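Biologist: Could you take a close look at one part of this model for me, the sheet in the second chain and whatever ties into it? Talk me through it as you would at the whiteboard.

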Amino acid sequence: MASSDEKPLPTPASAAGAGGAASPGQPTTVASKVLDMGAAVMQSLRPVKQAKQHVCTFALYAHDPKRQVETHHYVSRLNQDFLQGAVYDSDAADARLIGVEYIVSRKIFDSLPAEEQRLWHSHAHEIKSGLWTSPRVPGLLEKPELDHLATTFGKFWCTWQVDRGDRLPLGAPALMVSPQADPAAAVRPALVRKRDDRYGFSTEELRAARADVEVPAEEHPGQADYWLRHRKGFAVDVVPHDMKRHAPFP
Amino acid sequence: MASSCHNVEVPVPGKPTETGTALLETATGTIQGFAPLGQIHQHLCAFHFYADDMGRQVEAHHFCAHLNEDVRQCLVFDGPGADARLIGVEYIVSEKVFLTLPDAEKPLWHTHEFEVKGGVLFMPGVPGAVERRDLEKVCKTYGKTIHFWQVDRGDALPLGLPQIMMALTREGQLRQDMADCVEEKFGVSFQKERENRAYMSGPEHGIHPLANAAGKGLKTQIREVDIPASTTAGAERVFT
């Protein structure tokens, strides 16, 4: 029915349809905005307020690492070993929600069964190379945290493949992987340059500044970064299947 | 914070946040920008069930933003509190936009008409008269929900594959224990709201036959694919 590695049919919802990158639809009406504002005053929206870090980095599709995207993670910490983040395609108000990434410590990663570990990627290279950035945060401030984050592992599901021009979230969710030293996992210089120009920093300078960030002895423990070793990526399929039901559906 | 209505609360493994980390995050939380999150203005509570198992139901807290009048995007948490787990996402589109989706895509989307008219989808903390003005629009929309964390089966971590979720489409699907628990927790009455929402109507063209998994079920599976050996990027220096 749908696969993360399958191109969607040309329709208004995908790139080949009506032009423009923006999602189809009318601009938000004043009435909706007023309703929104009214609700926002009455509701606490507490879970959303827990996001305290904005990370701008890059991700690659697990079924096709040559496809790469700049990602913006808005991260909330549940405890010292676990973070959860909503991922967007930009840092602007009209950013599209493109997925979710979970970040865990090495300790939690080690506790995962092998089959589960295959879905996770390491962060050491991404951080050391300066690809992972915290916009607006001074280097001195972020340094202690980077040492810690360099030992973490992420699991990132992408629900909207904006880089292929989808104007809506189409298809099956896709697994993402992280940039690595391996040439097959390199981020295109043009993408990096575009990001750097926008923020006025230099990934190469960041990389020099992070020379003393300790890379863990074991960069790819267990089944982390599975694709690098086996040269096999993962695609997700959504297939028809019986639904256990206790009442008629739909 | 009241515990969630979908059974066993398994704590997320890990040590309590260290002071240094917390201080750093207080700083970054103040210095950095969070514009995409700033668009989130609405909290909706509803129920999702797994597209291959109607009996596995989840109390889903949606925190939604408008991308435009016809498209919303929501973060789905398992509760309304500060310690809530981010368990998935939902996209909500108008009927007009839904109809532009390829036919193979439509089954992944579900309708909202029943849960809105049934009173089981609500905005916590917002008086009926106010929430109804938006819910009458939501009533006509279609949603695509994907969950990553199966909290209802007691997973302490977001394990496994993403799950396509479905929404209630008729009487008799919602588990009584879930309904009672949520009504009590939030001090709402689904029956009362059902009466108040009787005037609302669903999609103009009726519920599309391909929506709601086309009445069947869905599940996700993962497949290994070949990755080509590293290709040279021509003259471009490879950035590592």
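Modeller: Sure, and let's start with a charged pair: B:K144 is buried, and B:E105 is buried too. Keep in mind that this is a predicted model. The two side chains make a salt bridge, with 2.7 Å between the closest N and O atoms. B:K144 sits in strand β6 of chain B and B:E105 in the loop between α3 (95-98) and β5 (110-111), so the pair ties together parts that are 39 residues apart in sequence.

Now follow β6(B) into the sheet. Strand β6 (residues 142-147) runs antiparallel to β4(B), and six bridges join them. One place to check on screen is B:E90, whose bridge partner in β6(B) is B:T145. As for β4 (residues 86-93) itself, eight of its eight residues are buried. β4(B) also pairs with strand β3 (residues 71-77) of chain B, again in the antiparallel sense, over seven bridges. Here B:L75 has B:V89 in β4(B) as its bridge partner. When you look along these strands, remember that side chains in a regular strand alternate between the two faces of the sheet.

B:L75 takes us to the nonpolar side of the story. The largest nonpolar core has 109 residues, and B:L75 is among the four that touch the most other members, together with A:Y88, B:L37 and B:M166. Strand β2 (residues 53-68) of chain B gives the most to this core, with six residues. B:M166 is worth a click as well: leaving aside neighbours within four places in sequence, its contacts include A:M243 and A:F249 from chain A, and B:F47, B:F49, B:P107 and B:L218 from chain B. There is also a second, separate core of 14 residues, which includes A:A39, B:V116, B:L121 and B:C139.

Back to charges, for some context. The whole structure has 34 salt bridges over all chains. In chain A, A:R77 forms one with A:E145, where the closest N and O atoms are 2.9 Å apart. That pair links distant parts of the chain, with A:R77 in strand β3 (residues 64-79) and A:E145 in helix α6 (residues 139-149), 68 residues apart. Both A:R77 and A:E145 are buried.

For a contrast in chain B, try B:R175 and B:D177, which meet in a salt bridge at 2.9 Å, N to O. B:R175 is partly exposed, with a relative accessible area of 27%, and B:D177 is partly exposed at 44%. Finally, B:E131, B:R132, B:E193 and B:R197 are joined into one network by salt bridges that share partners.

Note on methods. Residues numbered from 1 in each chain as written. Chains lettered and ligands numbered in written order. Predicted model: local features only at pLDDT ≥ 70, side-chain atom pairs only at ≥ 80, totals over all residues. Heavy atoms only, no water. Core = buried A, V, L, I, M, F, W, Y, C linked by side-chain atoms within 4.5 Å. Buried < 20%, exposed > 50% of the residue type's maximum accessible area, 1.4 Å probe, protein only. Helix = DSSP H or I, 4+ residues; strand = E, 2+ residues; numbered from the N terminus. Contact = heavy atoms within 4.5 Å. Pairing = 2+ DSSP bridges. Salt bridge = Lys/Arg side-chain N within 4 Å of Asp/Glu carboxyl O.
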